[in-house]
Amino acid sequence: MIDLDLTDPLAGVSPLQAPGVTLMVAGLGPLTLILPFRGKEDAVGAALGAELPAPGRSVQDGDRRITWFGKEAWLVSGAAVEADLSGLAAVTDQSDGWVAATLDGPAAREVLARLTPLDLRPTAFPVGAAARSELGHMPAAFIRTGEDRFAVMTFRSMAGTFWHELADAVRGVAARRGG
Amino acid sequence: MRLPCPICGERDRREFYYKGHALALNRPDPDADDAEWDDYVHLRDNPAGRTRDLWYHSAGCGAWIVVDRDTVTHEVFGATLAEDAEARDAAG
């Protein structure tokens with residue numbers, strides 16, 4: 001049997017620290033996309049031992065995070081899904097399909113404002129909010145994990161551009177803030 | 001332009017893919033006559049004013065929605081999920 005090594009698409013990339021914001025690669029752990037069959041949302045939630053968050057929401061519970069991930073779709077990250085969901089949902093392991101970064105600091109929102117059309121003001125996008133949108137021209141997912149902290153995800157194949165766009169925006173915001 | 005996705009709320013136009021007039025939801029019966037199929041497949045109005053068209057929230061939640069808007073003033077009056085609009089149309 002062929003032995004395949006899991007490689008990190010952002011290997012060798014260092015965190016970028018700038019006044020007001022730090023950009024870091026985020027390890028998401030196992031990623032499982034769950035698409036409940038029609039009318040089975042409650043049963044899927046019961047099997048997972050958690051209520052599936054409403055559209056636009058993400059809930060952290062210990063190591064595990066459950067994020068609304070589109071119409072009738074949820075992403076479980078941070079912990080493998082052990083529950084048997086056969087007959088309840090379509091389940092795919094997407095652990096190696098995504099890359100993620102964290103923006104942390106009071107200027108994090110300013111950085112993202114350069115890259116996405118999402119309204120990220122705290123009134124529209126509070127802690128625990130989640131959205132699918134665009135980052136530059138890339139499809140991306142956004143989660144507000146803290147007052148000044150965002151997790152951003154995109155497809156693994158776009159890792160290079162993803163990091164370039166984020167780092168560029170961080171430097172741009174830092175320059176404007178006199179950093 | 002911002003479109004009110006029934007699931008995600010108001011979102012930027014660039015998150016959406018434009019399909020065309022919402023008559024695509026009113027598919028004729030398989031045995032409908034040629035004129036009716038010709039109309040469904042090929043003929044489109046080009047209204048100056050109010051129109052209903054299909055948009056796909058491709059970079060967002062992935063829902064097909066029907067947007068009610070005005071092509072002259074660019075006012076957007078609202079949007080519904082295509083599946084709901086289809087069920088409503090089918091119910092007459």
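**Aromatic contacts and charges over rings**

In chain B, the ring of B:Phe77 has an arginine for company: B:Arg50 lies over its face, 3.6 Å from the ring centre. This is a predicted model, and the distances and angles quoted here are computed from it.

Chain A offers a comparable arrangement, this time at a ring that also takes part in aromatic contacts. The charged end of A:Arg132 sits over the ring of A:Phe69, at 4.3 Å from its centre. A:Phe69 belongs to one aromatic cluster together with A:Trp98 and A:Phe155.

Counted over all chains, the structure holds six aromatic pairs. One of them is made by A:Phe69 and A:Trp98, which meet edge-to-face, with 5.2 Å from centre to centre and 70° between the planes. This pair links distant parts of the chain, 29 residues apart: A:Phe69 is in the loop between strand E5 (64-68) and strand E6 (74-77), while A:Trp98 is in strand E8 (residues 98-104). A:Phe69 counts as buried because its relative accessibility is 4%, under the 20% cut-off. A:Trp98, with a relative accessible area of 9%, is buried too.

Another pair in chain A joins A:Phe125 and A:Phe150, and here the rings are stacked: the planes are 15° apart and the centres 6.5 Å. A:Phe125 lies in the loop between helix H2 (108-113) and strand E9 (130-135), and A:Phe150 in strand E11 (residues 149-155), so the contact ties together parts of chain A that are 25 residues apart in sequence. As for exposure, A:Phe125 and A:Phe150 are both buried.

How values were computed: Residues numbered from 1 in each chain as written. Chains lettered and ligands numbered in written order. Predicted model: local features only at pLDDT ≥ 70, side-chain atom pairs only at ≥ 80, totals over all residues. Heavy atoms only, no water. Phe/Tyr/Trp six-rings, centres within 6.5 Å; stacked < 30°, edge-to-face > 60°. Helix = DSSP H or I, 4+ residues; strand = E, 2+ residues; numbered from the N terminus. Buried < 20%, exposed > 50% of the residue type's maximum accessible area, 1.4 Å probe, protein only. Lys NZ or Arg CZ within 6 Å of the ring centre and 35° of its normal.
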